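Hi,

Here is the model I promised to pass on. Have a look at it first, and then read my notes below.

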2 protein chains.
Amino acid sequence: MAEPQGVRQEVRSAVAITPRAKDYGQWYLDVVRTAQLAEHSAVRGCMVIRPHGYSIWERMQRELDDRFKATGHQNAYFPLFIPVSLLAKEEEHAAGFAKECAVVTHHRLKSIDGKVSVDPASELEEPLVIRPTSETIIWEQFKGWIQSYRDLPLLINQWANIVRWEMRTRLFLRTSEFLWQEGHTAHATDGEALEETWRMLGVYAEFARNVMAVPVVRGRKTPGERFAGAVETLCIEGMMQDGKALQMGTSHYLGQNFAKSAGVQFLNAEGKLEYVYATSWGVSTRLVGALIMCHSDDNGLVLPPKLAPLQVVVVPIFKTDAERAQVLEEGSKVASELKAKGLSVKFDDRDGVTPGAKYYEWEAKGVPLRIEVGPKDLEKGSLCLARRFMLEIQGENDAQRRKRSKSFLPRAEALASVQPTLEGMQGELLDRATALRERRSRVIDDIQDYERFFKEEGGGFAWVHWAGGVEGEDELAKRFETTIRCIPMPEDILPAAKGEGKCILTGKPSQQRVLMARAY
Amino acid sequence: MAEPQGVRQEVRSAVAITPRAKDYGQWYLDVVRTAQLAEHSAVRGCMVIRPHGYSIWERMQRELDDRFKATGHQNAYFPLFIPVSLLAKEEEHAAGFAKECAVVTHHRLKSIDGKVSVDPASELEEPLVIRPTSETIIWEQFKGWIQSYRDLPLLINQWANIVRWEMRTRLFLRTSEFLWQEGHTAHATDGEALEETWRMLGVYAEFARNVMAVPVVRGRKTPGERFAGAVETLCIEGMMQDGKALQMGTSHYLGQNFAKSAGVQFLNAEGKLEYVYATSWGVSTRLVGALIMCHSDDNGLVLPPKLAPLQVVVVPIFKTDAERAQVLEEGSKVASELKAKGLSVKFDDRDGVTPGAKYYEWEAKGVPLRIEVGPKDLEKGSLCLARRFMLEIQGENDAQRRKRSKSFLPRAEALASVQPTLEGMQGELLDRATALRERRSRVIDDIQDYERFFKEEGGGFAWVHWAGGVEGEDELAKRFETTIRCIPMPEDILPAAKGEGKCILTGKPSQQRVLMARAY
């Protein structure tokens with residue numbers, strides 16, 4: 001019987017998470033591995049999203065899709081392939097994506113000298129690019145859907161896979177193929193299109209905050225960071241635990257660029273032909289990476305209860321056969337009662353796995369709440385609730401915190417407290433992430449302070465006045481590996497960072513501060 | 001103002017559906033077009049699924065996904081790309097798909113002589129095939145997931161896009177890219193794997209019947225029709241209104257073929273290494289085609305209420321401004337009250353579109369129930385319910401049936417009748433499809449009768465004894481364009497077709513009849 005060995009292995013692999021303080025990059029990979037979220041595949045740069053990771057993505061999809069539909073959008077599906085000539089129609093767009101395109105050139109294999117090979121006789125008349133984004137193919141189609149102002153606004157979203165050939169990949173954060181949604185909308189006026197661009201950025205920010213428990217800064221990208229073919233690119237930026245920024249979603253105002261290259265005109269209310277105004281916006285499986293890097297700890301994954309595939313796990317504890325029967329019965333009842341409240345619950349009654357091994361496993365997988373059911377609990381009519389995380393108290397060690405994470409409550413009280421506890425934990429995660437961001441945000445007016453912040457103090461979000469232009473941006477990128485994450489919208493500027501001032505690099509006057517950081 | 005013209009156009013295009021009796025193929029395309037379900041794209045062989053078509057697919061997905069999860073399956077996601085050498089590992093499988101593979105050979109574009117072209121310097125070391133199905137890439141990954149019998153069964157499903165290069169395409173039924181789900185499971189014994197193969201076929205059949213309102217015959221494919229690499233292929237076959245069969249889903253028992261080619265072994269309970277047993281099963285957007293062809297009529301799409309994106313449309317009717325205000329208020333109330341019952345309802349209060357135009361449009365789009373609200377209804381405190389279809393009465397003309405489809409009921413009674421009416425319509429569609437299938441099924445023992453059935457009487461499902469082998473199958477395919485759809489499971493054999501007999505072609509003894517038909 002090889003099984004007990006398997007168990008020990010499971011415990012070991014759960015334990016073997018590199019601490020964040022030691023190596024943040026390795027810690028991230030260890031969390032992804034032990035939580036069984038994703039792994040590399042046989043194809044360079046492409047990841048496999050394992051069931052636990054995928055079910056987090058499914059929950060994100062459901063939440064986002066509900067928000068898209070509530071704001072009037074409809075889902076549709078467009079081809080995976082884009083003929084090269086079609087991609088080339090919008091020049092800037094084509095130039096932006098040319099270097100990372102997977103290109104289909106043939107449509108048949110055959111056996112050549114006993115080896116399965118590409119059949120040279122099957123070359124396509126025109127090569128097809130795997131969509132790196134779908135503006136060109138979608139606007140080609142919109143041509144047939146839009147005749148008059150009555151057909152506008154046209155509010156479309158697509159859930160799809162995307163390919164951008166990447167040389168250096170990182171699970172969830174940067175892979176050659178990834179999953180995303182891309183909204184594509186058409187409007188009669190620039191004002192309406194701009195309103196939509198900001199509206200969807202708002203949807204992303206609200207989702208990040210209220211569902212992912214990640215506070216974000218909303219703002220505009222500088223011209224150099226704009227989406228290829230966009231007039232304006234908006235983004236949301238979150239802070240990870242290492243102080244780096246992660247772009248979590250973008251929303252583009254495309255003006256009439258794609259309408260012109262695809263020839264999409266509409267008859268306006270005055271009976272005149274006019275080009276349509278466009279937006280596009282997207283978030284991807286990258287958000288799973290953001291979720292991990294923002295909340296998880298040295299014991300593994302930490303999930304906000306709203307996105308946890310399992311919210312509660314019930315673990316039975318027993319020694320004798322008599323205890324076993326009683327404890328399994330009670331555990332099963334507890335799980336059923338919680339399921340009846342609409343919670344996602346697992347009763348882990350596996351034989352041959354110790355309670356300790358189960359604790360480690362479910363902790364590593366980020367289950368927010370564990371309920372332990374043992375013979376003593378049965379005697380007392382109580383249950384033990386163990387929270388996946390506790391807000392830290394300064395000076396406390398890990399064992400003390402573990403102790404504090406457990407509460408022993410009378411059965412009815414314990415069951416009644418599950419939902420409020422989960423809601424509380426959702427709020428605490430947001431509080432913790434917000435506190436981290438505050439701690440690592442700095443208003444900086446001097447380039448020496450800037451250098452110290454990023455080179456000695458670990459860095460974070462630097463709020464600086466800027467009028468240094470593209471060359472200045474390049475200089476800062478070279479010296480400090482920092483970039484302008486965004487020109488924040490006024491509401492999202494750190495209170496202490498409001499007002500006018502002088503550029504940190506050139507001393508030129510500046511209207512407002514920008515957000516600088518190192519980024520993923 | 002171009003708008004009234006637009007309206008007339010809308011009505012015209014809704015009316016312009018070729019009758020089934022005149023040209024069934026054109027009728028199908030007309031229904032797809034007027035219901036705005038899908039259309040061809042700029043890419044040869046690839047379709048665009050429009051919002052109305054996509055939302056039917058979303059409903060199918062939700063129903064199927066619930067069933068997969070209820071039977072213990074989890075979703076995951078695997079790469080779009082399969083290295084040619086990996087596809088080639090299972091020889092029969094590779095040979096089966098070699099002729100319809102889209103192959104990626106390069107990863108960059110560049111401007112050559114001012115034209116965006118494939119960069120010859122970006123050729124991949126190994127070409128990548130776009131997945132035509134994912135057995136090879138998934139089993140490569142399963143290798144790392146399966147060590148002992150404790151890891152089994154492994155029950156995985158994937159929702160994904162698939163590419164099989166097709167020369168002759170038909171919207172929904174056969175396109176180069178399509179959307180589907182593919183289940184891939186691993187088991188410790190052949191018995192468990194076979195059980196799973198039949199279980200999932202049962203899930204498909206139940207879904208087809210209870211959700212799509214399409215009765216199906218479950219059975220086994222003959223060896224020539226098996227999935228490339230399978231030991232056994234099971235299928236469900238539905239009958240379309242032209243009497244042709246449509247394969248609506250398949251479930252494959254793969255034996256140890258893929259486990260062996262990928263080298264996936266597990267330690268069994270006796271501590272011995274053994275190859276894993278596998279299944280795979282899938283349904284695709286083809287089901288939307290089946291839905292259309294099975295239920296729709298000369299006025300457009302007919303949808304079973306369980307899959308209708310809109311179940312009820314409320315249309316206001318008025319002449320004067322005073323009537324308008326009252327009727328819009330009542331219409332909005334009616335819609336809200338129905339929405340509160342959990343129904344999917346649209347209140348069509350568009351200005352500048354006549355009620356008649358609205359009727360045509362929603363009929364063409366398959367909305368099961370229309371509620372008309374006019375000044376007379378307000379006066380009487382009644383509502384008019386108009387059903388999208390009525391079971392036919394012999395000798396009745398279209399106008400008579402239209403009249404019969406309307407009922408004028410007191411308001412409260414009308415609202416209370418909506419849900420039972422929809423449930424009734426769901427059942428009636430299944431009854432109608434079942435009756436059609438019975439009418440066009442024939443037990444045939446003589447090749448002359450067989451010829452008459454298919455060449456003179458329009459054909460349908462022919463139940464015949466068979467022991468003619470592959471050559472005999474080829475002969476029948478050539479003479480009559482018919483194929484063995486399946487060797488039905490005993491429960492699904494037409495009662496009059498049960499028992500032993502002699503092959504219709506060779507006269508050899510046969511244990512049971514098979515199902516023969518022309519097929520899509």
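Let me start with one residue in chain A, A:Ile236, which sits in strand β12 (residues 232-239) of that chain. Bear in mind throughout that this is a predicted model. Is A:Ile236 buried or exposed? A:Ile236 has 29 other C-beta atoms within 10 Å, and 20 or more are enough to call a residue buried, so it counts as buried. If you skip the neighbours within four places in sequence, the contacts of A:Ile236 include A:Leu201, A:Tyr204, A:Ala205 and A:Ala208. A:Val216, A:Val217 and A:Arg218 also touch A:Ile236, as do A:Met248 and A:Gly249. As for A:Val203, it lies 33 residues away from A:Ile236 along the chain, and their C-alpha atoms are separated by 11 Å.

Over in chain B, take a look at helix α7 (residues 190-210). The helix has 21 residues, which at 1.5 Å a residue should span 30 Å, and the end C-alpha atoms are indeed 30 Å apart, so the two agree. Its buried residues are B:Ala193, B:Glu196, B:Thr197, B:Met200, B:Leu201, B:Val203, B:Tyr204, B:Ala205, B:Phe207 and B:Ala208. What covers them? Among the elements over the buried residues of α7(B) are α3 (51-70) and the strands β10 (177-187), β11 (216-220), β12 (232-239), β13 (245-255) and β16 (277-284), again of chain B.

Now for how the two chains go together. A turn of 180° with a shift of 0.0 Å along the axis lays chain A on chain B, with an RMSD of 0.0 Å. The two copies are therefore related as by a two-fold rotation axis. Both copies use the same surface, since 100% of the contact residues of chain A recur in chain B. In numbers, 58 residues of chain A are in contact with 58 residues of chain B. On the chain A side, those residues split into 36 nonpolar, 13 polar and nine charged.

Which residue of chain A comes closest to the rotation axis? That is A:Val104, with its C-alpha at 2.0 Å. A:Val104 also has B:Val104 in β5(B) as its bridge partner. The β5 strands (residues 103-106) of chains A and B pair in the antiparallel sense, over three bridges.

Another spot worth a look is strand β27 (residues 513-517) of chain B. Five of its five residues are buried, so the strand is largely enclosed by the rest of the structure. B:Arg513, B:Leu515 and B:Ala517 point one way from β27(B), while B:Val514 and B:Met516 point the other way. β27(B) has these pairings:

- Strand β23 (residues 461-465) of chain B pairs with β27(B) in the antiparallel sense over four bridges, and B:Ala462 has B:Met516 as its bridge partner.
- Strand β24 (residues 483-488) of chain B is also antiparallel to β27(B), over three bridges, and B:Cys486 stands opposite B:Leu515.

For contrast, try B:Gly352, in the loop between β18 (345-347) and α11 (355-364) of chain B. B:Gly352 is exposed, with 11 other C-beta atoms within 10 Å. The C-alpha atoms of B:Gly352 and B:Arg442 are separated by 52 Å, and the two residues are 90 apart along the chain.

Last, the overall layout: chain A is divided into domain 1 (32-295), domain 2 (310-420) and domain 3 (441-517). The centres of domain 1 and domain 2 of chain A, taken over C-alpha atoms, are 41 Å apart.

Cheers

Conventions: Residues are numbered from 1 along each chain as its sequence is written. Chains are lettered from A and ligands numbered from 1 in the order in which they are written. This is a predicted model: local features need pLDDT of at least 70, side-chain atom pairs count only at pLDDT 80 or more; totals for chains, interfaces and linings use all residues. Two residues are in contact if their C-beta atoms, placed from the backbone, lie within 7 Å. Ala, Val, Leu, Ile, Met, Phe, Trp, Tyr, Cys and Pro count as nonpolar, Asp, Glu, Lys and Arg as charged, and the others, Gly among them, as polar. Two strands pair if DSSP finds at least two bridges between them. Helices (H or I, at least four residues) and strands (E, at least two) are DSSP runs, numbered from the N terminus. The expected span of a helix is 1.5 Å times one less than its number of residues. A residue is buried if 20 or more other C-beta atoms lie within 10 Å of its own, exposed if 12 or fewer, and partly exposed in between; C-beta atoms are placed from the backbone. Domain bounds come from an automatic or database domain assignment. Copies are superposed by least squares on the C-alpha atoms of residues with pLDDT of at least 70 in both.
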